[in-house]
Amino acid sequence: MPQLPAPAYPDDVRARLETDAREVIARYPDSRSALLPLLHLVQSEEGYVSRTGMALCAELLGLTTAEVTAVATFYTMYRRKPSGDYQVGVCTNTLCAVMGGDAIFDRLKTHLGVGNDETTDDGKVTLEHIECNAACDYAPVVMVNWEFFDNQTPESATKLVDDLIAGRTVEPTRGAPICSYKETARILAGFPDERPGAVAASGGAGPASLVGLRLAKGETTPGHRVVAQRRDVPADQPHDPSPSEHLSSHDAPQQTSASDPDHPAGPAAEEGE
């Protein structure tokens, strides 16, 4: 159904947002390139990208509201409805799921009494399942306003949301201290995080993520030792593998049609043939 035009921001809010938006737009040689940070900017005002916010972006960038809407609806980091102070995302992509992400998500849904993309009645927490956040080496991962909480369990995730709701101090496994979703959106718009020590705490990749890089540089690091297949036993002679051997499809002999002449491969015979 046709909608009425989006309501305008109050004059003081519009003036403040327009001043910030002009600063963002000036960073780009082509003004329309500023659309992504501007969407974060209007999200920092209301906690989501409203029709009013999209209309302002369109006006300042010389775009149609359809063009702005197409971008805002494509990226999941832009909320399309009011949300909580803390966006709690549980990774349910493959590795996190099998490591316990599905169990964490189910526990939080029951504990908070909300479903996916829903907000608690007190407006504190919005729960959603999220796609891979490139932290598979710390699976299962929970994110709060895009800060990492690694190696989570249903119990630790439940305590995490309880602490958020109670207003207790919550520190991520790695990264800057937790701030509100609106504050996070302003930082993503490109404005400095002025909280003392926040920038220094941002850091980079965690130790588990850097193991491969250290190995590539020739640095030694303790880790899992892979033992080569035994060579003192002929390949055609069955043997009991030692505890250090990893029995896989590459370890001979295997009881398969290729290695067992008594059970050759071939089409299954029909009954009676």
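## A walk from Gly-62 to the sheet

Start by selecting Gly-62: this residue comes right after helix H3 and has a positive phi, near 70°. Keep in mind on this tour that the model is predicted.

**Stop 1: helix H3**

Now step back along the chain and select residues 51-61, which form helix H3. How many of the 11 residues of H3 are buried? Eight are, and H3 is mostly covered. To see them, highlight Thr-52, Gly-53, Met-54, Leu-56, Cys-57, Ala-58, Leu-60 and Leu-61. Next, show what surrounds them: the cover over these buried residues includes H1, H2 and H4.

**Stop 2: H1 against H3**

Keep H3 on screen and add helix H1, residues 11-25. The axes of the two helices come within 11 Å of each other and cross at roughly 50°. An angle between 35 and 65 degrees is neither roughly parallel nor roughly perpendicular, and H1 and H3 are therefore oblique to each other. The crossing of H1 past H3 is right-handed. To light up the contact, pick Arg-14, Leu-17, Glu-18, Ala-21, Arg-22 and Ile-25 on the H1 side, then Leu-56, Glu-59, Leu-60 and Leu-61 on the H3 side. Colour this set by class and you will find six nonpolar residues, four charged ones and no polar ones. You have met some of these already: Leu-56, Leu-60 and Leu-61 are among the buried residues of H3.

**Stop 3: H2 and H4**

Turn to two other helices that help cover H3. Select H2 (residues 35-46) and H4 (residues 65-72). Their axes lie 11 Å apart, and the helices pack at an angle of about 80°. H2 and H4 are therefore roughly perpendicular to each other. Which residues make this contact? From H2 come Leu-35, Leu-36 and Leu-39, and from H4 come Val-68, Val-71 and Ala-72. Here the classes are six nonpolar, no polar and no charged.

**Stop 4: Tyr-75**

Follow the chain out of H4 and stop at Tyr-75, in the loop that leads to strand E1. Is Tyr-75 buried or exposed? The answer lies in between: its relative accessible area is 38%, so Tyr-75 is partly exposed. Draw a distance from its C-alpha atom to that of Leu-36, and the viewer should give 9.5 Å, although the two residues are 39 apart along the chain.

**Stop 5: the sheet**

Now bring up the strands. Five of them make an open sheet in the order E2-E3-E1-E4-E5, with mixed pairing. Click on E2 (118-119) and E5 (147-149): these strands stand at the edges, each with a single partner, so one side of each has no neighbour in the sheet. Beside E2, select E3, residues 125-130; the two pair in the antiparallel sense over two bridges. One place to look is Thr-119, whose bridge partner in E3 is Thr-126. Then add helix H5, residues 94-112, which packs on the sheet and touches E1 (86-91), E3 and E4 (142-144). The direction of H5 makes about 140° with that of E1.

**Last stop: the whole protein**

Finally, zoom out and show everything. The protein has nine helices and five strands. Read from the N terminus, the elements go α-α-α-α-β-α-β-β-β-β-α-α-α-α. Of its 273 residues, 36% count as buried. Among contacts between residues at least 6 apart in sequence, 60% join residues at least 24 apart.

Conventions. Residues numbered from 1 in each chain as written. Predicted model: local features only at pLDDT ≥ 70, side-chain atom pairs only at ≥ 80, totals over all residues. Heavy atoms only, no water. Axes fitted to C-alpha atoms, helices over the stretch in contact; angles between N-to-C directions. Helix = DSSP H or I, 4+ residues; strand = E, 2+ residues; numbered from the N terminus. Parallel < 35°, antiparallel > 145°, perpendicular 65-115°, else oblique. Contact = heavy atoms within 4.5 Å. Nonpolar A, V, L, I, M, F, W, Y, C, P; charged D, E, K, R; others polar. Pairing = 2+ DSSP bridges. Left-handed = near helix turned anticlockwise from the far one by under 90°. Buried < 20%, exposed > 50% of the residue type's maximum accessible area, 1.4 Å probe, protein only.
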